[in-house]
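Here are my notes on your model, written so you can follow along with the structure open. Take the points in order and find each residue as you go.

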Amino acid sequence: MLREVLWYPGIEMHGIWSISEVVELLGVEEFKEFHQKRIKKDIWINIVWPQDKTLDTQWLLSDPEQKRAIRVLPQQVSWDMGYWIFGDKVLFISSQRELFGFVVQSKGFAALMKAQFDVLWGLSKEFKNKK
């Protein structure tokens, strides 16, 4: 499902993501490979993580060269499922326990989810590696 976004070069994506669960599900190498392809396709990503599901890592930080901005929400805001908004589509991916995903294609729905993203982005702070 993640490869769906690679069909849209030059876009900007917005996501709400439980990063520790996603990396555990996909594996580090698969995740890194996806992001290398995303960068080559000139796809910028703005992402919000729940604080209790961040990763201690040097390879996954906000970085203009990596076309990535990462923010973290306050401790009391958390979730297991994630979504990415791109164009008129919203890609949903469940937690590792449930293992399902789906895409909704709707300009109105994508706008609604982007409004939710904007609120969460405003509540969040830039991610700083714990080390």
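1. Let's start with a quick one: which residue in β4 is the bridge partner of His 14? It's Ile 85. Keep in mind as you look that this is a predicted model. The wider picture is that strand β1, residues 12–16, pairs with β4 in the antiparallel sense, and three bridges join them.

2. Stay with β4 for a moment, which covers residues 82–86. This strand is mostly covered, with five of its five residues buried. Try looking along the strand: Gly 82, Trp 84 and Phe 86 point one way, while Tyr 83 and Ile 85 point the other way. Residues on either side of β4 are buried, so don't expect an open face here, given that buried means under 20% relative accessible area.

3. Next comes the partner on the other side of our tour, strand β5, residues 89–93. β4 and β5 pair in the antiparallel sense over five bridges. Two spots to check: Tyr 83 stands opposite Phe 92, and Gly 82 has Ile 93 as its bridge partner. The two strands form a hairpin with two residues between them, and there Gly 87 takes a positive phi near 60°.

4. Is β5 buried or exposed? Five of its five residues are buried, so the strand is largely enclosed by the rest of the structure. Both of its faces are covered, with Lys 89, Leu 91 and Ile 93 on one side and Val 90 and Phe 92 on the other. Yes, a lysine is in that buried list too.

5. β5 also pairs with β6, again in the antiparallel sense and over five bridges. If you want a landmark, Val 90 stands opposite Val 104 in β6.

6. Now for the rings. The count comes to nine aromatic pairs. One of them is Phe 92 with Phe 102: their ring centres are 4.8 Å apart and their planes meet at 20°, so the pair is stacked. The cut-off behind that word is planes under 30 degrees apart. This pair links distant parts of the chain, with Phe 92 in β5 and Phe 102 in β6 (residues 101–105), 10 residues apart.

7. How do the two partners compare in burial? Phe 92 is buried, with a relative accessible area of 10%. Phe 102 counts as partly exposed, at 35% relative accessibility. Both belong to one aromatic cluster along with Tyr 83, Phe 100 and Phe 109. You've met Tyr 83 already, opposite Phe 92 in the strand pairing.

8. Here's another ring to look at, this time with a charge. Arg 71 lies over the face of Trp 121, at 5.0 Å from the ring centre.

9. Finally, the largest pocket. It holds about 320 Å³ of space. There are 23 lining residues, and Met 1, Leu 2, Val 22, Leu 26 and Ile 93 lie nearest the centre. The elements giving two or more residues to this lining are α1 (19–26) and α2 (28–40). By class, the lining has 11 nonpolar, six polar and six charged residues. Ile 93 should look familiar, as one of the buried residues of β5.

Conventions. Residues numbered from 1 in each chain as written. Predicted model: local features only at pLDDT ≥ 70, side-chain atom pairs only at ≥ 80, totals over all residues. Heavy atoms only, no water. 1 Å grid on protein atoms, 1.4 Å probe; cavity = no way out; pocket = protein on both sides within 12 Å on 5 of 7 lines; lining within 4 Å. Points joined across faces, edges and corners; volume = space filled by probe spheres on them. Helix = DSSP H or I, 4+ residues; strand = E, 2+ residues; numbered from the N terminus. Nonpolar A, V, L, I, M, F, W, Y, C, P; charged D, E, K, R; others polar. Buried < 20%, exposed > 50% of the residue type's maximum accessible area, 1.4 Å probe, protein only. Pairing = 2+ DSSP bridges. Phe/Tyr/Trp six-rings, centres within 6.5 Å; stacked < 30°, edge-to-face > 60°. Lys NZ or Arg CZ within 6 Å of the ring centre and 35° of its normal.
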